[in-house]
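Subject: The structure I promised you

Hi,

Here is the structure we talked about. Have a look at it first, then read my notes underneath.

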Amino acid sequence: MSAPGTLTAPPADRTGEEVPARGSGGAPSLWRSAALRAGAVVALAAIWQAVAAARIWPPVFVPEPAAVWEQFLRTTGEGVSGYTLQEHLLVSLRRILLGCLYGVTGGVVLGLLIGMVPTLRALLGPLVTFVRTLPPLAYLSLLVIWFGIDEEPKIWLLLLAALPPVAVATADAVRGVHEDYLNAARSLGARRRELPLRVVLPSALPEIVTGVRVAVGVAYTTVVAAETVNGVPGIGGMVRDAQRYNQTDVVVLGILVIGLSGLLIDFLLQTLDRRLVPWRGRT
């Protein structure tokens, strides 16, 4: 029995491992987090409804949540701009998937080269930084001139949006790989051409996955810009057409769909991160 005021260690189970304190994690913590998020959503919806009902601004500026819900039911059944909401979303997701697939692959390869070859770092590093700082609309018109108004400029735009974050993250991670890892691999008989794939890439994987998450987020925000030119079907094209006819409820619906699907994609990427890099945050 410990003296009053003294700290005691957490109880241990029969295997000798410490039992986590109640409330420090597990199911109760997950339920509490989910309840807080649900409460935040309900509060925002209530504020939105109150502002819309007060008629501070006309409905064309701030539509009621019920109007957006009615548009959701109509667009999933009857469609808008000639396609249903599901078709618009699937086409946009397909464009994002292709653009990110090409951009992430190219970014990893380019980052490995920049991080491991000083000459290429001096030549390509400023170019990658230059492209990364440009807003997507800056070169959309040029891509349309080069590739037309079909799918090619959209995929290229998303590729260029996704590639620089991955390349920068990969290059920085590669340069941060400890020399002891390379020396240990060489002492165990690894050849020089085997080091990038067997040592450097696995060591840099946590930072690369973070760069992929950033790249997918940038590409997702860019898809609306990519679909301003012949973007139907597509969420961005749907929002653009609704804006032309002051269909604010459809515009708000498109924004909500983009945001919710983006949250789902980021959740899937976080799950993938935990599977690929289970040692992240552990010593």
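Below is what turned up, starting with how far to trust the model.

**Confidence**

Keep in mind that this is a predicted model. The average pLDDT for the protein is 82, and 89% of the residues reach at least 70. Of the protein's elements, α3 has the highest mean pLDDT, at 91, while α7 has the lowest, at 75.

Two stretches need some care. Residues 1-10 stay under 50 in pLDDT, and the model gives them 3 contacts beyond four places in sequence. Residues 12-24 also stay under 50, with 10 contacts of that kind. Where pLDDT is low, you shouldn't read the predicted coordinates in detail. So please don't read too much into residues 1-10 or 12-24, where pLDDT is under 50.

**The two biggest pockets**

How much space lies in the largest pocket? About 430 Å³. It has 14 lining residues, and those closest to its centre are W48, V68, L256, V257 and L260. Three helices each supply at least two residues of that lining: α1 (27-53), α2 (65-77) and α10 (248-276). Which of the elements gives the most to it? That's α10, with 5 residues. By class, the lining of the largest pocket has 13 nonpolar residues, 1 polar one and no charged ones.

The second largest pocket holds about 350 Å³ of space. There are 13 residues lining it, and G115, M116, L182, R186 and V200 are the closest to its centre. If you want to find it on screen, look for α3 (85-116), α6 (151-175), α7 (179-187) and α8 (195-226), the elements that give two or more residues to its lining. Its lining splits into 7 nonpolar, 1 polar and 5 charged residues. So charged residues do appear in the lining of the second largest pocket, whereas the lining of the largest pocket has none. One caution here: α7, which helps to line the second largest pocket, is the element with the lowest mean pLDDT.

**Two residues in helices**

Try finding T170, which sits in helix α6. Is T170 buried or exposed? It counts as buried, because its relative accessibility is 0% and the cut-off for buried is under 20%. Apart from neighbours within four places in sequence, T170 is in contact with G107, V108, G111, L112 and I208.

Next is L101, in helix α3. Its relative accessible area is 49%, so L101 is partly exposed; exposed would need over 50%. L101 and L158 are 57 residues apart in sequence, and their C-alpha atoms are 9.7 Å apart in space.

**Two residues in loops**

Last, a pair of backbone details. R55 is not a glycine, yet it has a positive phi of about 55°. You'll find R55 in the loop between α1 and α2. R55 is partly exposed, because its relative accessible area is 48%.

N246 isn't a glycine either, and its phi is also positive, at about 55°. Where is N246? In the loop between α9 (235-244) and α10. With a relative accessibility of 57%, N246 counts as exposed, because the cut-off for exposed is over 50%.

Have a click around and send me any questions.

Cheers

Methods
Residues are numbered from 1 along each chain as its sequence is written. This is a predicted model: local features need pLDDT of at least 70, side-chain atom pairs count only at pLDDT 80 or more; totals for chains, interfaces and linings use all residues. Side-chain values use heavy atoms; hydrogens and water are left out. On a 1 Å grid over the protein atoms alone, a cavity is a set of points where a 1.4 Å probe fits but cannot get out, and a pocket is an open set with protein on both sides within 12 Å along at least five of seven lines; lining residues have an atom within 4 Å of a point. Grid points are joined across faces, edges and corners, and a volume is the space filled by probe spheres set on the points. Helices (H or I, at least four residues) and strands (E, at least two) are DSSP runs, numbered from the N terminus. Buried means under 20% relative accessible area, exposed over 50%, partly exposed in between (1.4 Å probe, protein chains only). Contact means heavy atoms within 4.5 Å. pLDDT is the predictor's confidence in each residue, from 0 to 100.
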